[in-house]
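Colleague: Please choose one part of this model and take me through it closely, setting it first against the chain as a whole and then against some other places. I would like the reasoning behind each call of buried or exposed to be spelled out.

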Amino acid sequence: MSYRTEEVAYVQPAQPAAFAQVSQQRSTAEYRALDAAHHIHPFSDMGSLNKAGSRVIVKAKGVYVWDSEGNQIIDGMAGLWCVNVGYGRKELADAAYRQMLELPYYNTFFKTTHPPVIELSALLAELAPAPFNHFFYCNSGSEGNDTVLRIVHQFWATQGKHAKRYVISRKNGYHGSTIAGGTLGGMGYMHEQMPSKVENIVHIDQPYYFGEAEGNLTPEEFGLARAQQLEARILEIGAENVAAFIGEPFQGAGGVIFPPSTYWPEIQRICRKYDILLVADEVIGGFGRTGEWFAHQHFEFEPDLITLAKGLTSGYVPMGAVGLHDRVAKVIVENGDFNHGLTYSGHPVAAAVAVANLKLLRDEKIIERVKTDTGPYFQKQLREAFANHPIVGDISGAGLVAGLQLAQEPKTRKRFANGGEVGTICRDFCFNGNLIMRASGDRMLLSPPLVITRQEIDEIVSKAKKAIDATAQQLGIS
Ligand code: PXG
């Protein structure tokens, strides 16, 4: 099936008041047919998606998106965990427009630089914790983690420690979908489709208390035990062969899994003891999600490298970065060529948008509000709404991110045998109720824009409650 643009008639969409500005050119049916004919979606079963038809999202403002049928949907996921300042901020559009006219592109490879990338780097150094003063740029979180590997290997090689090659990561971690990102991540279904993987990457178990703690272990004991798997693995491989450990401060795509309080201090102790670099993948946690600028500040540890993307530009344009602790930057800066870079490293338009975005987060005190007001309110409302719910086993999170564990028997931590199916049922109830909530197995995830108000939080919580009640009812559990 193939369509020529000019052959398709303009169809007026349904137009509620807030919808009037949309320049929608086609009917939903036409959009769906073209999408099915020509577009391969990420992480999707295209056969069944094409039969069902995608939702066409045409407009967004604040914390809401609208589909091509005129439905107003509250976005409990900030896009894909990225639209931190909310949709429709003119400041970001203006920054992109001005930069495109002034200098739409120039590279930073051959002894050149430009104002937006300089301003962005200086601003990041101001906003990040004190030891982070150097930044390398790319286009995504996946490329950020590829860059992390390159920096880690250069760091050890230039000090003559060539054997330090192994990188330890975690099962059910997510670090992107390039070959390096996918190998670092611990998603079995991705590994199965990647016969070629990056060498010398091994995984330990995740700190997922509800799902994986056995016996009578307390969360604190379990956190320590899971961290100590790192030590065991280092001793097995030999510390002289281990370059780095990488983890998300809290696992995002894996289900908003918040580790017990004992976990990160123990991981840090082990990394220091064996002289191993500690990498925090801040792609989701960075830029205010937990109420701190970076999630490692929430968990109180000090990484050597941080991976950044998503909230760096609030998703308005693609950009990723890696922040280097002074002790790593010194080695990279003083030891000759670092042979890594991308055409769009430090892209001027992306950098200009990032600067405008970070200034909004800083000057409007958006992250302070998450920490002192909307974050605690969101966490409290969720816990009150789902206290003693027959299928909600546990709620994890801080600030404006949360994971709700659906479980067959919450009290005994018994999960559903077919967890993914239950999550999908619940996600569909959410979508039909005009709430976007993501399912990861049998965990329901929320990560709304950081500008959300208390009233909008109430809307999310009441819609989530309806969807989870409907799920319990469908399962015959009350
Ligand atoms: N690290 C982390 C912690 C991430 O969450 C990446 C790296 C890769 O970033 P890019 O920009 O290359 O996608 C991510 C991305 C989901 C979902 O369904 C999560 C991500 C991406 C797409 C979907 O939860 N996280």
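Modeller: The protein chain exposes about 21000 Å², of which carbon and sulfur atoms supply 52%, and I should say at once that this is a predicted model. Buried residues account for 54% of the 478 residues in the chain. The C-alpha atoms fill a box of roughly 65 × 60 × 45 Å along the principal axes. The radius of gyration is 23 Å, and because a compact globule of 478 residues would have a value near 23 Å, the two agree. Within that outline the chain has 17 helices and 15 strands, and of the contacts between residues at least 6 apart in sequence, 70% join residues at least 24 apart. As for charge, there are 45 positive and 51 negative side chains, with the centres of the two sets lying 1 Å apart.

The part I would look at closely is helix α10, which runs over residues 219–237. Its 19 residues reach 28 Å from the first C-alpha to the last, close to the 27 Å expected at 1.5 Å a residue. The buried residues of α10 are Phe222, Gly223, Arg226, Ala227, Leu230, Glu231, Ile234 and Ile237. An α-helix has 3.6 residues a turn, so residues three or four places apart point the same way. With that in mind, it is worth reading the buried set on the structure in order, from Phe222 and Gly223, through Arg226 and Ala227, then Leu230 and Glu231, to Ile234 and Ile237; note that the set includes Arg226 and Glu231 alongside residues such as Leu230 and Ile234.

What do these buried residues pack against? Their partners are three strands and two helices that you can find by number: β5 (166–170), β6 (201–204) and β7 (242–247), together with α9 (209–212) and α11 (263–273). Just after the helix, Gly238 takes a positive phi of about 100 degrees.

Most residues other than glycine have a negative phi. Against that background, two residues elsewhere in the chain deserve a look. Asn172, which is not a glycine, has a positive phi of about 65 degrees, and it is found in the loop between β5 and α7 (179–184), where β5 is one of the strands that the buried residues of α10 pack against. Asn172 counts as buried because its relative accessibility is 19%, and the cut-off for that label is under 20%. The other is Arg413, whose phi is near 60 degrees, again a positive value in a residue other than glycine; Arg413 is found in the loop between β12 (401–406) and α16 (419–432). Its relative accessibility is 23%, and so Arg413 counts as partly exposed.

Helix α7, which follows the loop that holds Asn172, contains Thr183. At 2% relative accessibility, Thr183 counts as buried, and its contacts beyond its neighbours within four places in sequence are His191, Met194, Lys197, Val198, Ile201 and His203. Of these partners, Ile201 and His203 bring us back to β6 (201–204), another of the strands against which the buried residues of α10 pack.

Gly141 lies in helix α6 (residues 141–157) and is also buried, its relative accessibility being 14%. Leaving aside neighbours within four places in sequence, Gly141 is in contact with His175, Val283, Thr307 and Ala309. Gly141 and Pro318 are 177 residues apart in sequence, while their C-alpha atoms are 9.4 Å apart in space.

For contrast, consider two places where the side of the call is partly exposed. Asp394, in strand β11 (residues 392–398), is partly exposed because its relative accessible area is 29%. Not counting residues up to four places away in sequence, Asp394 touches Phe210, Gly403, Leu404, Gln405 and Arg443; of these, Phe210 belongs to α9 (209–212), which packs against the buried residues of α10. Phe109, in the loop between α4 (90–102) and α5 (115–127), is likewise partly exposed, with a relative accessible area of 42%, and, with the same allowance for residues up to four places away, it touches Gly341, Leu342 and Thr343. Phe109 and Pro259 are 150 residues apart in sequence, and their C-alpha atoms are separated by 40 Å.

Definitions and conventions. Residues numbered from 1 in each chain as written. Predicted model: local features only at pLDDT ≥ 70, side-chain atom pairs only at ≥ 80, totals over all residues. Heavy atoms only, no water. Helix = DSSP H or I, 4+ residues; strand = E, 2+ residues; numbered from the N terminus. Expected span 1.5 Å × (residues − 1). Buried < 20%, exposed > 50% of the residue type's maximum accessible area, 1.4 Å probe, protein only. Contact = heavy atoms within 4.5 Å. Rg over C-alpha atoms; globule rule 2.2 N^0.38 Å. Areas by Shrake-Rupley, 256 points an atom, 1.4 Å probe, with all protein chains shown as cover. Lys, Arg positive; Asp, Glu negative; His and termini not counted. Charge placed at Lys NZ, Arg CZ, Asp CG, Glu CD.
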